Amino acid sequence: MEVREAVLRRRSVRGFLPKPVDPETLRRVIAIATRAPSGGNVQPWHVAAVIGAPLAALKQAMAESYGAAEPEPEYAIYPSPLPEPYRSRRFANGEQLYAALGIPRAEKAARLCWLGQNYQFFGAPAAFFIHTPRFMGAPQWADLGMWMQTVMLLLIEEGLTSCAQECWSRYPGIVRRFIPIPEEHVLFAAIAIGFEDEAAPANALRTDRAPLGEVATFHGF
Ligand SMILES: Cc1cc2nc3c(=O)[nH]c(=O)nc-3n(C[C@H](O)[C@H](O)[C@H](O)COP(=O)(O)O)c2cc1C
C-alpha cells in the first residue's frame with residue numbers, strides 16, 4: 001500500500017463489527033510504530049493495549065457510570081474560548097456527525113446518549129490508551145500525536161480501522177480500575193480499533209478540510 005492511500009483512507013470510524021482483532025496484529029503495529037519520530041528521540045509515548053476481559057469490564061463500568069454531567073477532563077482539550085476559524089470548524093464537525101446520525105440539535109438527550117458510545121469504543125473489540133508522564137510538555141504531546149497517526153496508518157494497512165478518542169481523559173479514575181496506568185502519568189487519549197461496520201450511520205460521515213489557502217503559505221515556489 002502506498003502511504004498516500006493509507007493517509008486518504010484513514011478516517012474516524014464510529015461503529016465496529018464485533019469481529020475480534022488478532023492480538024499479534026496489534027503487537028506488530030505497536031512495534032513498528034515505535035519508529036515514529038520524537039524530539040530528542042525521547043519517545044514519550046506509553047501505550048496500554050486492551051482486548052478481551054479487561055476491555056469488557058471497562059465498557060460495563062462506563063455503561064454504569066456515564067451520565068448527563070460529564071466530569072472535567074484531565075487537561076483542557078480545547079482553548080476556552082476557541083477563536084475563529086477553529087470554533088466554526090469544530091461546530092461543523094459536530095453538526096455533520098449528528099446529521100449522519102439523524103439526531104437534530106434540539107434532541108439533547110439523544111445527542112448525549114450518542115456521546116456515551118465513545119465509552120463503549122463504538123463497539124470496537126480492541127483499544128489503545130496513550131499516556132505520558134505529567135512532566136512532559138507540548139513538544140512531547142506533539143510526539144504522541146505522531147505516534148498515534150503512525151499507528152492509525154499501520155492499522156489501515158492491516159485492514160483495520162480506528163477512532164482517536166480524547167474523551168477518555170475525562171475518566172482516568174475508572175480506566176485505572178481496569179488498566180494499571182501510573183498515577184504520575186496523564187491519560188492523553190485512546191484509540192478504538194476494529195473492523196468497520198459499514199452499515200453504521202456514523203460511518204457515513206466524510207469530514208471536510210479547510211482549503212489549502214487557509215492553512216499553508218508557499219515561499220520561493
Ligand atoms: C487527538 C484526537 C482526539 C479525538 N477524540 C475524539 C473523541 O473523543 N471522540 C470522537 O468521536 N472523535 C474524536 N476524534 C476524531 C476527530 O473528530 C476526527 O479526527 C476529525 O473530525 C477528522 O475526521 P477524520 O478523522 O474522519 O478525518 C479525535 C481525533 C484526534 C486526532
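**Reading the values of a predicted model**

Reader: Which residues come nearest to the ligand?

Author: Ser12, Arg14, Ala164, Glu166 and Arg209 come nearest, out of 14 residues around the ligand. A residue belongs to this group if one of its heavy atoms lies within 4 Å of the ligand. The model is predicted: local features need pLDDT of at least 70, side-chain atom pairs count only at pLDDT 80 or more, and totals for chains, interfaces and linings use all residues. Residues are numbered from 1 along each chain as its sequence is written, and side-chain values use heavy atoms, with hydrogens and water left out.

Reader: What makes the pair formed by Arg209 and the ligand a polar contact?

Author: A polar contact is a pair of N or O atoms within 3.5 Å; within protein, one atom must be able to donate a hydrogen and the other to accept it, and residues adjacent in sequence count only if both atoms are side-chain atoms. A polar side-chain atom of Arg209 lies 2.8 Å from an oxygen atom of the ligand, so the pair is within the limit of 3.5 Å. Arg10 has a polar side-chain atom 3.0 Å from a ligand oxygen atom. In the side chain of Asn118, an N or O atom is 3.0 Å from a nitrogen atom of the ligand. On its own, the ligand has 610 Å² of accessible area, and the protein covers 74% of it (Shrake-Rupley method, 1.4 Å probe; for residues, only the protein chains shown count as cover).

Reader: How do the residues of the shell around the ligand divide?

Author: Four are nonpolar, five polar and five charged. Here Ala, Val, Leu, Ile, Met, Phe, Trp, Tyr, Cys and Pro count as nonpolar, Asp, Glu, Lys and Arg as charged, and the others, Gly among them, as polar. Strand E3 (residues 161–165) gives the most to this shell, with three residues.

Reader: How many helices and strands does the protein have?

Author: There are eight helices and four strands, read as DSSP runs numbered from the N terminus (helices: H or I, at least four residues; strands: E, at least two). Their order from the N terminus is α-α-β-α-α-α-β-α-β-α-β-α.

Reader: Why is the protein called as compact as a globular protein of that length?

Author: The radius of gyration is 18 Å, and the globule rule gives 17 Å for 221 residues; the two values are close, so the description holds. The radius is taken over C-alpha atoms, and the rule is 2.2 Å times the number of residues to the power 0.38.

Reader: Why is Glu196 called buried?

Author: Buried means under 20% relative accessible area, exposed over 50%, and partly exposed in between (1.4 Å probe, protein chains only). Glu196 has 17% relative accessibility, so it counts as buried. It is found in the loop between strand E4 (185–194) and helix H8 (212–215). Leaving aside residues up to four places away in sequence, Glu196 touches Arg11, Val13, Gly15, Leu17, Thr161 and Asn203, where contact means heavy atoms within 4.5 Å. Of the 221 residues of the protein, 41% count as buried.

Reader: Why is Gln43 called partly exposed?

Author: Its relative accessible area is 36%, so Gln43 falls in between the two limits and is partly exposed. Gln43 sits in the loop between H2 and E1. Its phi is near 55 degrees, a positive value in a residue other than glycine. Asn41, also not a glycine, has a positive phi of about 50 degrees.

Reader: Which peptide bond has omega of about 0 degrees?

Author: The cis bond that joins Ser80 and Pro81. Pro81 is in the loop between helix H3 (52–65) and helix H4 (86–101). The bond from Glu84 to Pro85 is cis, with omega near 5 degrees.
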